[in-house]
Amino acid sequence: MHDGHVSGASRTTGTLFGYRKARVTLAVQETSGSVPILLLELAMQTGRFMQEMGAEHLRVALECEKKPPGTGAGIGRTRLLDEPLWTAYVNGRKIGYAMRREPTEDDLTVMQLLRSVSVGAGVLPNDVMGRDASEGQEAGDLAYMRARFDRVVGSRDSESLYMLNPDGNNGPELSIFFIRI
């Protein structure tokens, strides 16, 4: 690491968001205004995930299985981030699964509202999200955290995202690991 950044890594934008009582979603984008290249829904409530963020360092590990040789067409051609299903761990505890999915209308609305935010965290009120008060009572407000990440490709079976600290502290506060085993 040099000046808090991983040398040789590419920079990307990562956004974690979701209604407090609903599942958290991870969106990875080339830039804060681009369409997500990856959208994963994790099996953890957003409110709980944000509590975990209060820990000194949060590690999210996402594992998927290699397909056995000789099964199906295009073996080994699936890009790692295109894998559809992941086993998810937060700080070493299995939380269930994460699923890759296509962006919904709500996801695209969030990305549009946050396009000018490069780094930050906050809450989008229900009226901004086009929800009425009764819908908002069930799921809570939409919380988000957006940051720049160093994206490191270790091999075709492993990638990592390291959150960049804008204040210059040593080391990332959030690391996300993708591994095909």
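# Exercises on a predicted model

Asparagine 91 has a relative accessibility of 21% and therefore counts as partly exposed (buried is under 20% relative accessible area, exposed over 50%, partly exposed in between, with a 1.4 Å probe and protein chains only). The model is predicted: local features need pLDDT of at least 70 and side-chain atom pairs count only at pLDDT 80 or more, while totals for chains, interfaces and linings use all residues. Residues are numbered from 1 along each chain as its sequence is written, and side-chain values use heavy atoms, with hydrogens and water left out.

**Exercise 1.** Locate asparagine 91 and state the sign of its phi.

*Solution.* Step one: asparagine 91 is found in the loop between S5 and strand S6 (93-100). Helices (H or I, at least four residues) and strands (E, at least two) are DSSP runs, numbered from the N terminus. Step two: its phi is near 50°, a positive value in a residue other than glycine.

**Exercise 2.** Determine which strands pair with S10, and in which sense.

*Solution.* Step one: two strands pair if DSSP finds at least two bridges between them. Step two: S4 and S10 run parallel and are joined by seven bridges; arginine 59 has serine 175 in S10 as its bridge partner. Step three: strand S9 (residues 158-163) pairs with S10 in the antiparallel sense over five bridges, and here serine 160 has phenylalanine 177 as its partner in S10. Step four: five of the seven residues of S10 (residues 174-180) are buried, so this strand is largely enclosed by the rest of the structure.

**Exercise 3.** Find the buried residues of helix H1 and describe the salt bridge between glutamate 52 and arginine 48.

*Solution.* Step one: Thr46, Phe49, Glu52 and Met53 are buried in H1 (residues 46-53). Step two: seen down the helix axis, the buried residues of H1 fall within an arc of 115°, so they line one face of the helix; the arc is that of the directions from the axis to the C-beta atoms. Step three: a salt bridge is a side-chain nitrogen of Lys or Arg within 4 Å of a carboxyl oxygen of Asp or Glu. Glutamate 52 and arginine 48 form one at 3.1 Å, N to O, and they lie four residues apart in H1, about one turn of the helix. Step four: glutamate 52 is buried at 9%, whereas arginine 48 is partly exposed at 40%.

**Exercise 4.** Identify the salt bridge partners of aspartate 82.

*Solution.* Step one: arginine 79 meets aspartate 82 at 3.9 Å, N to O. Step two: arginine 100 also forms a salt bridge with aspartate 82, the closest N and O atoms being 3.6 Å apart. Arginine 100 lies in strand S6 and aspartate 82 in the loop between S4 and S5, so this pair ties together parts that are 18 residues apart in sequence.

**Exercise 5.** Describe the lining of the second largest pocket.

*Solution.* Step one: on a 1 Å grid over the protein atoms alone, a pocket is an open set of points where a 1.4 Å probe fits, with protein on both sides within 12 Å along at least five of seven lines; lining residues have an atom within 4 Å of a point. Step two: the lining consists of Glu63, Cys64, Glu65, Glu83, Leu85, Trp86, Thr87, Tyr97 and Ile181. Step three: S5 (85-90) supplies the largest share, three residues.

Methods:
Nonpolar A, V, L, I, M, F, W, Y, C, P; charged D, E, K, R; others polar.
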